[in-house]
Amino acid sequence: MQRLLALLTWLAFPVYVWQGLGVRRRTTRMLPARGPVLHEIPGKAPAIALLVLGDSSAASVGIEQSEYGLAAQLAGLIAERTGSAVRWRAAGFNSATSGQIRDFVLPNLSADPWTHIVLAIGTNDTKNFHSVPRFKKEFGGLLYALRAKWPEARVVWSPVLEFTRAPAMPPLLGRILEIRATEMNRMGVRLCNERGAIAAARLPITNPEAGFASDGFHASEAGYRAWAEHLLDFVLGGETA
């Protein structure tokens with residue numbers, strides 16, 4: 001049934017274009033947060049090295065300072081939980097898709113010994129109406145490339161969030177994109193299981209007013225905090241002090 005609905009969303013493509021253009025006109029384009037994109041938190045050895053890689057959410061778009069973004073908040077929680085030193089980097093890029101991260105970002109990242117990698121990617125693949133086979137090829141290729149470059153890292157993917165919960169989304173557009181996001185997430189989970197990554201549970205959005213930034217699409221400071229808390233157990237996988 002879900003796959004049939006996904007096919008039917010192509011019939012709604014004119015609605016997607018019309019309402020999507022309206023959302024784009026009404027929404028202010030926000031810039032990545034100011035502040036460091038790599039930092040170290042002191043603690044015991046051996047250090048945990050965290051890379052948060054992906055789209056605008058990895059770049060902390062939606063807030064003013066990077067210290068309140070996903071990478072920094074997750075690194076702080078890891079340090080609190082384990083007592084370990086944490087070295088972190090946020091490698092996020094506005095509007096990036098899985099294929100762009102695979103083809104243009106990953107080859108240019110230095111091969112630092114990251115022990116934990118969080119992928120925040122898939123929203124733009126969905127929003128840009130990429131097909132599931134295309135997502136399979138591009139996201140699947142990204143997982144292969146990460147495994148080749150950091151074979152011992154723990155790789156965690158955060159699935160696409162609920163479009164219907166984003167305040168900027170008109171109800172019909174949100175529903176169309178949510179149907180497609182469900183299919184993307186199903187494929188993403190399958191690829192993670194096949195290619196040595198961990199698919200986190202989908203982030204529950206319980207308070208959209210607090211969790212989203214002023215543009216109604218990106219996370220607020222509270223939203224990034226909730227996201228980091230949600231991912232913590234998936235990233236650590238039982239590691240404690």
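**Exercise 1. Find which elements cover the buried residues of α6.**

Solution. Start with the cover. The buried residues of α6 are covered by elements including β2 (44-54), α4 (98-105), β4 (116-120), α5, β5 (154-157) and α7 (171-194). Cover is read from contacts, meaning heavy atoms within 4.5 Å. Helices (H or I, at least four residues) and strands (E, at least two) are DSSP runs, numbered from the N terminus.

Next, list what is covered. The buried residues of α6 are F135, E138, F139, G140, G141, L142, L143 and L146. Buried means under 20% relative accessible area, exposed over 50%, and partly exposed in between, with a 1.4 Å probe and protein chains only.

Note the source. This is a predicted model: local features need pLDDT of at least 70, side-chain atom pairs count only at pLDDT 80 or more, and totals for chains, interfaces and linings use all residues. Residues are numbered from 1 along each chain as its sequence is written, and side-chain values use heavy atoms, with hydrogens and water left out.

**Exercise 2. Check the span of α6 against its number of residues.**

Solution. Helix α6 covers residues 132-149, which is 18 residues. The expected span is 1.5 Å times one less than the number of residues. That gives 26 Å for α6, and the end C-alpha atoms are 25 Å apart, so the two agree.

Then look at the start of the helix. There, a side-chain oxygen of S131 comes within 3.1 Å of the backbone nitrogen of R134. A polar contact is a pair of N or O atoms within 3.5 Å; within protein, one must be able to donate a hydrogen and the other to accept it, and residues adjacent in sequence count only if both atoms are side-chain atoms.

**Exercise 3. Describe the surroundings of D125, a buried residue without a salt bridge.**

Solution. Place the residue: D125 sits in helix α5 (residues 123-127). Now look for a partner of opposite charge. Lys and Arg count as positive, Asp and Glu as negative; His and the chain ends are not counted. The nearest such side chain is R134, 6.3 Å away. A salt bridge needs a side-chain nitrogen of Lys or Arg within 4 Å of a carboxyl oxygen of Asp or Glu.

What does the side chain of D125 approach instead? A polar atom of it lies 3.2 Å from the backbone nitrogen of S98. Leaving aside neighbours within four places in sequence, D125 contacts T97, S98, H130, F135, E138 and M184.

**Exercise 4. Compare the salt bridges R134 to E138 and R190 to E194.**

Solution. Side chains of opposite charge can pair when their charged atoms come close. For R134 and E138, the closest N and O atoms are 3.1 Å apart. For R190 and E194, the N to O distance is 3.2 Å.

Check the spacing. R134 and E138 are four residues apart in helix α6, so about one helical turn separates them. R190 and E194 are also four residues apart, in helix α7, and about one helical turn separates them.

Check exposure. R134 is partly exposed at 39% relative accessibility, while E138 is buried at 11%. R190 is partly exposed at 38%, and E194 is partly exposed at 48%.

**Exercise 5. State how many helices, strands and salt bridges there are.**

Solution. The chain has nine helices and six strands. The structure holds nine salt bridges. Of the 241 residues, 53% count as buried.
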